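Hi,

Here is the structure I said I would pass on. Have a look at it first, and my notes follow below.

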Amino acid sequence: MTGAKDDSDSGDIPLDDATTRFGLVLEEGSVDPVYQAKARVLNDAIQQIGMGKYQWELFILVGFGWASDNMWPIITSLILPAVSLEFNQSRPPLLSLAQNIGLLAGAIFWGFGCDIFGRRLAFNLTLGVTAVFGLVAASSPNFAAIGCFAALWSVGVGGNLPVDSAVFLEFLPGSHQYLLTVLSIFWAFAQLLATLVAWPLLGY
């Protein structure tokens with residue numbers, strides 16, 4: 001025995017071996033080699049920095065964004081019977097339709113827009129838009145008004161989810177990318193909080 005350690009006995013798979021074993025995600029030559037080299041240097045730097053205080057603070061911050069993304073659709077379903085009764089609306093599902101139209105528009109606009117004017121600004125604006133129109137919706141004089149405001153607050157909600165993920169992944173080392181899935185716990189927290197608040201207020 002020479003004492004040399006065989007790579008096949010270790011748990012680490014070199015990049016070249018991984019490429020050979022699992023195949024390329026992109027075809028050879030389809031990516032600019034200069035960009036590919038820069039991306040590799042950046043990814044290595046993020047991995048070496050590791051999961052520090054900033055990353056954990058960002059995890060909590062983005063988690064609140066995810067909670068907001070799930071809370072507003074839940075709120076719409078919770079207030080639907082009360083809104084229908086208040087405005088004597090014969091077609092209450094139109095409120096859900098307005099919300100879904102806003103979610104679609106927000107996801108498209110902010111999904112592309114955040115790459116143009118920056119993800120941090122997009123993150124703040126999506127939460128701001130959601131908060132402003134959500135508060136204004138409380139003073140809606142009729143069903144049409146609350147439907148319009150639901151569509152407008154949903155533009156922020158629909159855009160916040162993809163922006164949240166992008167902001168978090170930019171600073172997340174590869175060894176902790178599972179935390180993107182763990183963020184789903186904030187969805188459950190949002191559902192629980194919205195239901196507990198609605199229970200005494202709406203009498204459910």
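Is Cys114 buried or exposed? Cys114 is buried, at a relative accessible area of 7%. Keep in mind that this is a predicted model. Cys148, on the other hand, comes out as partly exposed, with a relative accessible area of 49%. As for disulfides, the count is zero.

Next, the nonpolar cores. The largest one has 18 residues, and those with the most contacts inside it include Phe59, Val62, Val163, Phe168 and Phe186. Helix 3, helix 4 (93–117), helix 5, helix 6 and helix 8 each put at least two residues into this core, and helix 3 gives the most, with five. If you want a place to start looking, try Phe168: leaving aside its neighbours within four places in sequence, Phe168 is in contact with Gln55, Leu58, Phe59, Val62, Leu179, Leu180 and Leu183. There's also a second, separate core of ten residues, with Leu95, Ala137, Ala150 and Trp153 among them.

Then there's the second largest pocket, which holds about 530 Å³ of space. Its lining runs to 22 residues, and the closest to the pocket centre are Trp72, Ile75, Ile79, Gly134 and Ala138. Helix 3 (53–86), helix 5 (119–137), helix 6 (143–170) and helix 8 (185–202) each supply at least two lining residues. Helix 3 again gives the most, this time with eight residues in the pocket lining. By type, the lining splits into 19 nonpolar residues, two polar and one charged.

Cheers

Methods
Residues are numbered from 1 along each chain as its sequence is written. This is a predicted model: local features need pLDDT of at least 70, side-chain atom pairs count only at pLDDT 80 or more; totals for chains, interfaces and linings use all residues. Side-chain values use heavy atoms; hydrogens and water are left out. On a 1 Å grid over the protein atoms alone, a cavity is a set of points where a 1.4 Å probe fits but cannot get out, and a pocket is an open set with protein on both sides within 12 Å along at least five of seven lines; lining residues have an atom within 4 Å of a point. Grid points are joined across faces, edges and corners, and a volume is the space filled by probe spheres set on the points. Helices (H or I, at least four residues) and strands (E, at least two) are DSSP runs, numbered from the N terminus. Ala, Val, Leu, Ile, Met, Phe, Trp, Tyr, Cys and Pro count as nonpolar, Asp, Glu, Lys and Arg as charged, and the others, Gly among them, as polar. A disulfide is a pair of cysteine sulfur atoms within 2.5 Å. Buried means under 20% relative accessible area, exposed over 50%, partly exposed in between (1.4 Å probe, protein chains only). A nonpolar core is a set of buried Ala, Val, Leu, Ile, Met, Phe, Trp, Tyr and Cys residues joined through side-chain atoms within 4.5 Å. Contact means heavy atoms within 4.5 Å.
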